[in-house]
Amino acid sequence: MINNLPLVAPSILAADFSNLEKDINSTLEGGAKWIHCDIMDGHFVPNISYGPAIVEATKKSGQAFLDVHLMIYNPDQYISDFVKAGAGLISVHSEATPHIHRTVQLIKDEGIQAGVAVNPGTPLTVLSPILDEVQLVVLMSVNPGFGGQKFIESTIPRLLELKTMREERGLSFLIEIDGGVTTKNIENISRSGADVLVAGSSIFKADNISQRTAELIKKAKLGKSTLV
Ligand code: DX5
Ligand code: ZN
């Protein structure tokens, strides 16, 4: 799927929406290839973000692959809207639907890639029946709902556990870490085996967005080169 891992995926949740195109293009100039879109419904998570219209605007703003993270109940109802808006991959939370297998199938039937996301308090065993079906697992490293939170350290052993599960099963899904990724911790997270690192406030609150993106990518690659 990707031959230039690890990737840094800027989350536009922290972007300036009145200058969205400019902010997105700055991340692309800095080397970003994916853009992460956080969709929050005010029910599954205690915050409302944006919907398909902003995803569509993001698609029009640059050449990035759109990684759409649904933090919503009833995801099945909205999948085709996000596909039409330009999603290249949609992740759904295992905690947000009683029918994760059906939802993942719906996403794949739309001809795009599927991911499954898990909250920091959810045991990884819930992933077992669905791992063969997905291209990405999103390990939340904060409790979802807000940008700018602190990285939860217990994510690192969970990342190592998930890597082992992947190896034992001979699978090739990517592992994405989402929340609290900064210039201080990205190298270590990457060293533990993350393939995709989402960064929101660290990128968009920086004085120079493109430089910050490039710095995070450089540190992520450095970490990967000394993988544990
Ligand atoms: C949290 C979102 C994250 C968030 C990351 O609910 O899923 O993608 O935007 O933002 P930072 O990097 O600021 O923690
Ligand atoms: Zn996210």
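Buried means under 20% relative accessible area and exposed means over 50%, with partly exposed in between (1.4 Å probe, protein chains only). This is a predicted model, where local features need pLDDT of at least 70 and side-chain atom pairs count only at pLDDT 80 or more. Residues are numbered from 1 along each chain as its sequence is written, and side-chain values use heavy atoms, leaving out hydrogens and water.

**Exercise 1.** Find the salt-bridge partner of Asp132 and place both residues.

*Solution.* Start with the rule: a salt bridge is a side-chain nitrogen of Lys or Arg within 4 Å of a carboxyl oxygen of Asp or Glu. Asp132 pairs in this way with Arg169, at 2.4 Å from N to O. This pair links distant parts of the chain, 37 residues apart: Asp132 sits in the loop between strand 5 (113–118) and strand 6 (136–140), and Arg169 in helix 5 (residues 155–169). Helices (H or I, at least four residues) and strands (E, at least two) are DSSP runs, numbered from the N terminus. Finally, check Arg169: its relative accessible area is 34%, so Arg169 is partly exposed.

**Exercise 2.** Describe the salt bridge between Arg191 and Glu187.

*Solution.* First, the closest N and O atoms are 2.9 Å apart. Next, both residues belong to helix 6 (residues 186–191), four residues apart, about one turn of the helix. Last, Arg191 has 24% relative accessibility and is partly exposed; Glu187, with 23%, is partly exposed too.

**Exercise 3.** Work out how Lys219 and Glu215 are placed in helix 8.

*Solution.* Their side chains form a salt bridge of 3.4 Å, N to O. Lys219 and Glu215 are separated by about one helical turn because they are four residues apart in helix 8 (residues 209–224).

Note on methods
Chains lettered and ligands numbered in written order.
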